[in-house]
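These are my notebook entries on one structure, kept in the order in which I looked things up.

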Amino acid sequence: MIEKRKSWMSLLAISDQNDLLNLWDQKKIKISYEWLRQPEIGSIMAQGKMGVTGDKFNIGEVTITRCSVKLDCGTIGHSYVQGRSKRKAEISAVCDALLQTKMFKEVNENIIIPLEKIKKDKRDKILSKAEATKVDFFTLVRGESD
Amino acid sequence: MYVAVKGGEKAIDNAHSWMSEIRRGDPSVPNVSLNQITEQLTLGVDRVMSEGSLYDKDLAALAIKQSRGDLIEAIFLLRAYRTTLKRFSYSKPIDTANMLCLRRISATFKDIPGGQKLGPTFDYTHRLLDFKLLAENETPLSPTQQFENKKVPHVLSFLNQEDLMQKEKDNNLDPIDITREPISFPTSRAARLQALSRGDEGFLLGLAYSTQRGYARNHAFVGELRIGLVEIELNIPELGFDINVAEIILTECETVNQFQGSKIEPPQFTRGYGLVFGQTERKALAMALIDRALRWKELGEDYSGAPAQDEEFVISHCDNIQATGFLEHIKLPHYVDFQSELELIRKIRADAKRNVKRL
């Protein structure tokens, strides 16, 4: 369960806000909920490692919006999403809650699976374009050869 | 002595109003949209995010538009905004071995597992103006090729296997955060890397170039340069587990430099390291060269007095917002300060005149 939840929360977090909003608006899921935490815009500090494997250092910050909701049935949903869209954070938290209920199938099929496909297509496009720029260098001996 | 000046409000308002009008330019020309900036001036956006030290494309584009394309002004706007954000927490360290590479090259090894991929680069172009771009409706489409989706190992890890490359050990130390604590010298490599990653590209470029010309001997090879997407993991305290909260583009550069060895260590290659937000390879490469030059003390090398070896000099001057703030403030009214200078020089001259008469 935790692995699944991690995976959908991660997907919602990095999804393009327009993609998520479009999918949500198309589905017209009627659901009532109350705020546990109103959407809040902030940042996290991204860390890297010196020389790939060494000690940590700070690279810079990334904007993040977070919020928490509670459905009428009592299920709680959280979101931490990239960017400053409060609407994206809200829908993500509601989806997180719904995915823990009987609504799993509906939300999974209409929101999560389409977002997974968008993510995969984007990644495949990058990999296929990068592959086309793969180069085979060969070296030539400089100067007199004999 | 600082003394406030009063007045000038009307002139200031009118100056800003004229600046806004000029920023818009000829009203018969369409207004530039933020989407156009994020999509078509990508590398400018990346530079503003890296030196503004905040990864947010929309805000960087807005800053570029607002600053009329003055990137340092745009970086200033983004830095100012950054200070208003609540800091939720620190990410887990990003593992760049999981990067989805757009570009990945090595100047030291020809054949590397995973292959050399040039990616969307200006390298090997002829730097001739392309008049075809004047015709506005071009939508070029580049070729694609079958690929295997495999993790791309770091090139220099192969040198590690023979112990030819100095290992970078993780001692599980928490780094200082220069946005929270002022830097004091001598400082740590973590603080230097953070400062360099948000430092001014031009300043870093000039200093890195100085090391190549002989100011601090550190002949560098580009072991690997990679640019691509990475996901950022964050621990969510409410849940007690980690999720990915963001996906960003990073440029990473590892240089290979010689190291003579010391009493306790045999000769080995050492690394300079650059890691920067966005597609920013000139900056990441310069950062790696400077990182290596600044490591002279740790590696027991000689201090040759080169600017790039002097961490106080490099780190105190690489921040373009600090630099421009101090530089540009001298344009603002300093009437009282100057008045005292004026009085002083008049007095000295009068004294000198009297002394001449006496002779």
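The entries below go from the contact between the chains to the strands, the domains and a few local details.

**Entry 1: the model and the contact between chains**

I note at the outset that this is a predicted model. I began with the extent of the contact, and I found 56 residues of chain A touching 76 residues of chain B. For the area buried between chain A and chain B I recorded about 6,400 Å², with 60% of it contributed by carbon and sulfur atoms. I then looked for the residues of chain A that lose the most area to chain B, and these are Ile59(A), Glu61(A) and Tyr80(A), which together make up 11% of what that side buries.

**Entry 2: polar and charged pairs across the chains**

How many salt bridges are there between chain A and chain B? I counted 11 salt bridges between the two chains, while a search of the whole structure gives 47 over all chains. For one of the pairs across the interface I wrote down the distance: Glu40(A) bridges to Lys86(B), with the closest N and O atoms 3.2 Å apart. Polar contacts between chain A and chain B come to 36 residue pairs, with both residues at pLDDT 80 or more.

I next asked which elements of chain A give two or more residues to the side that touches chain B, and the list holds helix 1 (2-14), strand 1 (33-49), strand 2 (56-71), strand 3 (76-82), helix 4 (104-132) and strand 4 (134-135). Sorted by class, that side of chain A has 23 nonpolar, 16 polar and 17 charged residues.

**Entry 3: strands within chain A and across to chain B**

Within chain A, I looked up the pairing of strand 1 with strand 2, which is antiparallel and runs over 14 bridges. Gly48(A) has Phe57(A) of strand 2 as its bridge partner. These two strands of chain A form a hairpin with six residues between them, and in the turn Gly51(A) has a positive phi of about 60°. I also noted Val52(A), which lies in the loop between strand 1 and strand 2 of chain A and has a positive phi of about 75° although it is not a glycine.

In which sense, parallel or antiparallel, do the strands pair from chain A to chain B? Strand 1 of chain A pairs with strand 2 (residues 86-93) of chain B in the parallel sense, over five bridges, and here Gly42(A) stands opposite Lys86(B). Lys86(B) is also the salt-bridge partner of Glu40(A) that I recorded above. Strand 2 of chain A runs parallel to strand 1 (residues 54-55) of chain B, and two bridges join them. In that pairing Glu61(A) stands opposite Leu54(B), and I had already listed Glu61(A) among the residues of chain A that lose the most area to chain B.

**Entry 4: domains of chain B**

For chain B, the domain assignment gives domain 1 (9-82), domain 2 (96-120 + 149-318) and domain 3 (328-358). I took the first two of these as a pair, and their centres, over C-alpha atoms, are 30 Å apart. Their contact draws 12 residues from domain 1 of chain B and 15 residues from domain 2 of chain B. Between them these domains bury about 1,100 Å², of which 52% is on carbon and sulfur atoms. On the side of domain 1, Ser50(B), Glu51(B) and Tyr55(B) lose the most area to domain 2 of chain B, together 46% of what that side buries.

I found one salt bridge across this interface of domain 1 and domain 2 of chain B. I also recorded a salt bridge of Asp200(B) with Arg47(B), whose closest N and O atoms are 3.1 Å apart. The polar contacts between the two domains amount to seven residue pairs, both residues at pLDDT 80 or more. At least two residues of the domain 1 side come from each of helix 3 (42-52), strand 1 and helix 5 (71-82) of chain B, and helix 3 gives the largest share, six residues. By class, this side divides into five nonpolar, two polar and five charged residues.

**Entry 5: local details**

Lys6(A) and Glu3(A) meet through their side chains in a salt bridge, at 3.8 Å from N to O. These two residues are three apart in helix 1 of chain A, so about one helical turn separates them.

Lastly, I checked a peptide bond in chain B: the one joining Phe185(B) and Pro186(B) is cis, with omega about -5°. Pro186(B) lies in the loop between helix 6 (157-161) and helix 7 (189-197) of chain B.

Notes. Residues numbered from 1 in each chain as written. Chains lettered and ligands numbered in written order. Predicted model: local features only at pLDDT ≥ 70, side-chain atom pairs only at ≥ 80, totals over all residues. Heavy atoms only, no water. Contact = heavy atoms within 4.5 Å. Buried area = accessible area lost by both parts, 1.4 Å probe. Salt bridge = Lys/Arg side-chain N within 4 Å of Asp/Glu carboxyl O. Polar contact = N/O pair within 3.5 Å; in protein donor to acceptor, adjacent residues only side chain to side chain. Helix = DSSP H or I, 4+ residues; strand = E, 2+ residues; numbered from the N terminus. Nonpolar A, V, L, I, M, F, W, Y, C, P; charged D, E, K, R; others polar. Pairing = 2+ DSSP bridges. Domains from an automatic or database assignment.
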